[in-house]
Amino acid sequence: MATVSFDKTRKAFGAHEVLKGITLDVADGEFMILVGPSGCGKSTLLRMLAGLEQSTGGDIRIDGRSVIGVSPKDRDIAMVFQTYALYPHMSVADNMGFSLRLAKAPKSVADGKIRAAADMLDLTQLLDRYPRQLSGGQRQRVAMGRAIVRDPKVFLFDEPLSNLDAKLRVQMRAEIKALHQRLRTTSIYVTHDQVEAMTMADRIVVMNGGRVEQVGSPLDLYDNPANLFVAGFIGSPAMNFIEGTLEPGRGFRASGGETLPLPPAIEISTKRTAVYGIRPEHIEIAKDDQTPTLRTTVAIVEPMGAETLIQAHFEGGNITLSYRGKERFKAGDQLALLLDEQQAHVFDARTGDKLSGHPPRY
């Protein structure tokens with residue numbers, strides 16, 4: 001196992017700067033996930049750590065040793081790719097042991113490592129098969145087994161589940177997380193899927209435009225997003241955003257004139273444009289004896305089984321709530337809503353930075 005550090009790491013392709021000075025520390029044994037939209041630089045950062053791309057500034061260290069200029073094979077890392085990258089003419093056993101053969105490991109040692117990895121990944125019965133005879137999930141297990149037998153200091157995963165169907169992605173998420181808990185090898189995982197990030201990571205790095213927006217545990221980012229980008233990217237369904245103004249003595253007023261309850265400890269000294277954020281799961285339908293925060297009209301109803309997502313309109317915009325009751329709704333129904341101000345956030349409309357919000361759970 002090892003620590004990994006990026007110190008003001010930069011990468012440019014000609015005049016286009018992809019990474020704009022990334023500073024980041026990954027702890028020994030940590031499972032860290034880089035998440036962000038396509039083009040934000042997360043895969044480029046991973047490839048630079050692997051030695052597949054050269055940096056144009058800053059430093060990258062593994063266990064305190066700079067790896068700038070060090071060959072990929074000498075960095076003691078193993079990478080699992082989106083495309084599996086298996087040799088079609090080799091059996092599962094030969095694919096898993098290929099790096100050991102290149103390293104001229106004794107056959108008895110190589111066979112032992114292959115068997116151990118196969119047992120761990122439930123591949124023992126498939127060692128004589130070829131990639132074409134395997135399912136997508138089995139091929140991804142083989143790719144992980146090939147990485148495991150090398151016993152590297154760091155595992156790198158570059159969107160390894162992107163080619164799998166939804167059900168298999170859920171299964172493989174659990175398997176990768178269980179594997180990390182067993183091996184405790186430092187792992188860095190790249191994905192654009194925030195659900196993968198939330199369910200698997202010890203810490204998440206949210207990237208955007210070649211910069212780090214925020215680093216924290218999944219619940220830190222969910223409960224206490226630093227800005228509008230993180231608030232909108234983390235959480236499914238996404239946080240509601242309502243545009244309006246903060247006014248001294250009047251609180252937050254949506255563009256349609258509705259007054260919304262503010263989170264605690266927010267100070268309003270001058271009038272300013274702002275964005276009010278609240279998650280769908282923090283909105284309830286008001287009971288008869290409750291005074292509603294907002295009166296809305298149902299636009300779209302999306303039954304999800306255990307919950308129903310309801311999209312509703314009001315004068316100042318649109319809002320989505322997550323409802324877990326058995327009552328059925330249809331477009332045009334009138335809904336009186338209660339917003340939990342303890343779970344609300346307010347962001348500066350110009351900078352996107354958070355102005356308020358409740359503290360993280362831990």
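**Exercise 1. Determine the end-to-end distance and the helix and strand content of residues 4-234.**

Solution. The C-alpha atoms at the two ends of residues 4-234 lie 25 Å apart. Of this span, 36% is helix and 26% is strand. Helices (H or I, at least four residues) and strands (E, at least two) are DSSP runs, numbered from the N terminus. An unreviewed UniProt entry lists residues 4-234 as "domain: ABC transporter"; UniProt positions are given in the numbering used here, feature names are shortened, and annotations may be inferred rather than shown by experiment.

The model is predicted: local features need pLDDT of at least 70, side-chain atom pairs count only at pLDDT 80 or more, and totals for chains, interfaces and linings use all residues. Residues are numbered from 1 along each chain as its sequence is written, and side-chain values use heavy atoms, with hydrogens and water left out.

**Exercise 2. Establish the strand order of the open sheet of 4 strands and identify its edge strands.**

Solution. Step one concerns the order, which is β2-β1-β4-β5 with antiparallel pairing. Two strands pair if DSSP finds at least two bridges between them. Step two concerns the edges: β2 (16-26) and β5 (65-66) each pair on one side only.

Step three follows the individual pairs. β1 and β2 run antiparallel and are joined by 8 bridges, with Lys11 opposite Leu19 in β2. The hairpin of β1 and β2 has 2 residues between the strands, and Gly14 takes a positive phi near 65° there. β4 (residues 57-62) pairs with β5 in the antiparallel sense over 2 bridges; Ile62 has Arg65 of β5 as its bridge partner.

Step four adds the helix. α1 (residues 42-50) lies across β1 (4-13), β2 and β4, and runs at about 115° to β1. Axes are lines fitted to C-alpha atoms, for helices over the stretch in contact, and angles run from 0 to 180 degrees between N-to-C directions.

**Exercise 3. Describe how α2 packs against α3.**

Solution. Two packed helices are described by the angle between their axes and the distance between the axes. The axes of α2 (residues 92-102) and α3 (residues 107-120) come within 10 Å and cross at roughly 130°. The two helices are therefore oblique to each other (angles under 35 degrees count as roughly parallel, over 145 as roughly antiparallel, 65 to 115 as roughly perpendicular and the rest as oblique).

The crossing of α2 and α3 is right-handed; a crossing is left-handed if the near helix is turned anticlockwise from the far one by less than a right angle, and right-handed if clockwise. On the α2 side, Ala93, Met96, Gly97 and Leu100 meet Ala110, Lys113, Ile114, Ala117 and Ala118 of α3, where contact means heavy atoms within 4.5 Å. By class, the α2 and α3 contact has 7 nonpolar, 1 polar and 1 charged residues. Ala, Val, Leu, Ile, Met, Phe, Trp, Tyr, Cys and Pro count as nonpolar, Asp, Glu, Lys and Arg as charged, and the others, Gly among them, as polar.

**Exercise 4. Apply the procedure to α2 with α4, and then to α4 with α5.**

Solution. α2 and α4 (residues 136-148) pack at an angle of about 35°, with axes 7 Å apart, in a right-handed crossing. Val92, Asn95, Met96 and Ser99 of α2 make the contact with Val142, Gly145 and Arg146 of α4. This contact of α2 with α4 has 3 nonpolar, 3 polar and 1 charged residues.

For the second pair, the axes of α4 and α5 (residues 166-183) come within 11 Å and cross at roughly 20°. That makes α4 roughly parallel to α5. α4 passes α5 in a right-handed crossing. Residues in the contact include Gly136 and Met144 of α4 and Leu168 and Ile176 of α5. By class, the α4 and α5 contact has 7 nonpolar, 4 polar and 2 charged residues.

**Exercise 5. Analyse the open sheet of 5 strands.**

Solution. The strand order is β15-β19-β16-β17-β18, with antiparallel pairing. β15 (283-285) and β18 (317-323) stand at the edges with a single partner strand each, so one side of each is left without a neighbour in the sheet. Neighbouring strands of this sheet are turned by 45° against each other on average, direction ignored. Within the sheet, β16 (residues 294-303) and β17 (residues 308-314) pair over 6 bridges in the antiparallel sense, and Ile300 has Gln311 of β17 as its bridge partner.

**Exercise 6. Locate Ala85 and Pro237 and state their backbone features.**

Solution. Most residues other than glycine have a negative phi, and most peptide bonds are trans. Ala85, in the loop between β6 (77-80) and α2, has a positive phi near 55°. Pro237, in the loop between α8 (228-233) and β11 (240-247), is joined to Ser236 by a cis peptide bond with omega of about 0°.
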